[in-house]
Amino acid sequence: MSKTIKGFCLQGREKIYPNSGVSVTSNTSVVEMEIPSLKEGEILAKTLYTGICGSDNSASLGKSNFDWVERPRIIGHEFSAEVLELGPGDHGDLEVGDKFTPLAMLGCQDDECPACSVSKWNLCPSKQIIGFHRNGGFGQQVVLESDRVVPLMEGLTPKQGALVEPLSVVVNALHNKCTIKPGQDVVVTGCGIIGLMSAELAKAAGARVLVTGIAHDRDIRLKRASQSGFITIEVSPENPLSKQLKEGIADDNGIPFGVNGQVDLLIECSGVPQVLAEAITVVRPEGDICVIATYGKEVEINATHLTRTSLNMRGSMGSCREDYMVAQKLMVTGTFPSEHYTDLYDFEDITKAFEDSIKANNMKAVVKMN
Ligand SMILES: [Zn+2]
Ligand SMILES: [Zn+2]
């Protein structure tokens, strides 16, 4: 008898406020899965390792920006997997047994689509995100379009494969949207995995990096950031970044960070509206702000200040195939030290993995799926 296949399923859409006494995983449960028959262009794969994204947490908490996700849905878009079966149609060089990570975002691939015609599926208005628009990587098996497949590069472990997608998002933001010069002072606001990946890539580009977090981040996330050699500070509404920079921050060698409380580049990864609003005051004239986070409400910005300081503020959405290739290389070569940021869980402990992630008690939860 074949073993039952299980998946971690988003079911409810109740709004859950952490610390309200309601279990943070009450909208989700582990279910037995049926595998549908393969359609044209689809493959069946066994998942190997799947990472928990902040967006998975937001959907689990019933946040309104994920209302559009149909339930029940097996979530998960950051994973590595092995091909079990090729469905009807052409799958190129792909073979049973190949290990890969999927492109989270699949574009419409219409020649008339401005985004897809230049291979930027991440900007396609009708893109389909695996784990939100269709079942994803938190199933022990997954059916997906072979067009999404990015083969794992030689030397990359399946465990690292689960980190390719989030790292590719940071590659797109830092390599395509920012120009970091050696010796620059860079602030990363927010110390979730996207923040710390940003900090690592900025450091690799020769910058000196400061990472911010809140009091809750002190023991785990800011600690790991500090172990990696970043300057770390705790911010609060009473003691914001701008105030601390003005008062003076120095690195371990006593060298002041920033000039007159201002830095060259700020990378916004916190998703807190006030932090983005404050950002334009801590970047020097003609400096850069790169926004990777999204926000639960509109953010009020002093646009006149933006004009008068000639700041460059730009957003960066998702990633595409090229960025996945760069992300893999950064892990294979050790430029991004993935081990330092990975917290591994067995599938039996998947609910705990979500609880820990939602409560920010880990860095990047990666679940061994089989
Ligand atoms: Zn994600
Ligand atoms: Zn398109």
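Two strands count as paired here if DSSP finds at least two bridges between them. Keep that cut-off in mind. The model is predicted.

Start near the N terminus, with strand β1. It covers residues 6-10. Five bridges join β1 to β2, and the two run antiparallel. For a register point, take C9: it stands opposite S29 in β2.

Now the sheet around that pair. It is open and has three strands, in the order β2-β1-β4. The pairing is antiparallel. Which strands form the edges? They are β2, residues 28-32, and β4, residues 73-74. Each of these pairs on one side only.

A general reminder: strands of a sheet pair through backbone hydrogen bonds, either parallel or antiparallel. We have had the antiparallel case. Next, the parallel one.

Go to strand β14, residues 263-268, and strand β15, residues 283-291. They pair in the parallel sense, over five bridges. Here I267 stands opposite C290 in β15. What lies between the two strands in the β-α-β unit? Helix α7, residues 273-282. The unit β14, α7, β15 is right-handed.

Carry on from β15. Its next partner on my list is strand β16, residues 312-315. Again the pairing is parallel, this time over four bridges. The register point is I289, which stands opposite M313 in β16. Helix α8 covers residues 303-308. Together, β15, α8 and β16 make a β-α-β unit, and this one is right-handed.

To recap: β15 pairs in the parallel sense with β14 and with β16. β1, by contrast, runs antiparallel to β2.

Definitions and conventions
Residues are numbered from 1 along each chain as its sequence is written. Chains are lettered from A and ligands numbered from 1 in the order in which they are written. This is a predicted model: local features need pLDDT of at least 70, side-chain atom pairs count only at pLDDT 80 or more; totals for chains, interfaces and linings use all residues. A crossover is right-handed if, with the strands pointing away from the viewer, the path from the first strand over the helix to the second runs clockwise.
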